[in-house]
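Visitor: Could you take me through the loops, strands and bends of this model, slowly enough for a first-year student?

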Amino acid sequence: MTGTLTRESGISPVAGRVSVVTPRGDDGSAATRFTVSADEPVFAGHYPDFPIFPGVCVVDCAHRGALATAPEPVELAAVESARFTGPAFPGDVLDFALKWRRKDGDWRLSATATTARGAAASVRLRYRAAGSAPRPPAAGPGAGAGAAPVATRAGGEAELPEVASLLPHRYPMLLVDRITALVPGERITVVKTVTHNEPWYTGLAPGQDVAYPASLLVESWGQAAGLLASAAAPDARSQVMLFGSVSQAVLHRPVLPGDVVEHRITLSRSLGDSVIFEGDSRSEAGPVMSVGQMVMAFRPGDHLRPA
């Protein structure tokens, strides 16, 4: 069975269990731990022959630790920020230091992740009370409201590149299906269809929450951004494309099996080997996520492999 499937925690791309090392104290502090197994299903398709634990899986581990230590039943409302400072490899132990606080009617979680080599990630998550209504998207860049459509390339859709020609990801971690519009170096529109056939849904029990994990929605959006980066910089395709950071990834409604999600991404800045994006995701029901900023970086693979 893929993932740890419980009605309380929902589905996950992470197969192993997050353990609570120190329960939440009166000051809101807690500690959790996750051991990265070489058997994690994501390794088969994230970067074949180059096993880096995906950054979104680190975020998912922080989220699962949050659910296990939360002051009350909560639902993830936003990834306010996530910054990755060091890779995680098979065999690594990720130690999370968690800190809860209440602000503006929501719960905020700050988490830092470390391995034996040092800092791996810092994550800030915002939670709302379970069952409460999500906030509507705000107007402005990346919020989805009034966003301009992306024009297809001259000659029509037949000239649009295939996803697999631009990304190294493969099943089960190839989370985008088709490019529908592309202006290289500027904008892209990509679709992703969520189905029950994805491995994360294996072993579902009747009545279980089937909402698509926020971590995978962010990963899918990031892969769409990676398509735009790769289309604009063909020479970078021989390097490893890393998820550097994300801020203000706000969740507006659940994504369910059968939904067709459209990611709309704009390249806002390019800084050497790093690229900055913003945009949103929509389904037929309306906005599902807005992303204030995502940074992706291209690095030579040999510089990242563990000694």
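Guide: Let's get one term straight: helices (H or I, at least four residues) and strands (E, at least two) are DSSP runs, numbered from the N terminus. Residues are numbered from 1 along each chain as its sequence is written, and side-chain values use heavy atoms, with hydrogens and water left out. Keep in mind that this is a predicted model, where local features need pLDDT of at least 70, side-chain atom pairs count only at pLDDT 80 or more, and totals for chains, interfaces and linings use all residues.

Let's start at P172, which sits in the loop between α2 (163-166) and β7 (178-183). The peptide bond leading from Y171 into P172 is cis, with omega near 5°.

Another loop to look at is the one between β4 (93-103) and β5, where you'll find D104. Its phi is near 55°, a positive value in a residue other than glycine. D104 counts as exposed because its relative accessibility is 59%; the cut-offs are under 20% relative accessible area for buried, over 50% for exposed, and partly exposed in between, using a 1.4 Å probe and protein chains only.

Q248 also has a phi near 55°, positive although the residue isn't glycine. Q248 lies in strand β9 (residues 240-251), and with a relative accessible area of 37% it is partly exposed.

Now follow the chain on from D104 into β5. Two strands pair if DSSP finds at least two bridges between them. Strand β5 (residues 106-115) and β6 pair in the antiparallel sense, over nine bridges, and the two form a hairpin with two residues between them. Within that pairing, A111 stands opposite V123 in β6. Strand β6 (residues 118-129) is also joined to β3 (residues 74-84), again antiparallel, by nine bridges. There, A78 stands opposite R126 of β6. As a rule, in a regular strand the side chains alternate between the two faces of the sheet.

Last stop: the cysteines. A disulfide here is a pair of cysteine sulfur atoms within 2.5 Å, and the structure holds zero of them. The sulfur of C57 is too far for a bond, because the closest cysteine sulfur, in C61, is 6.9 Å away. C57 counts as buried, at 0% relative accessibility, and C61 is buried too, with a relative accessible area of 0%.
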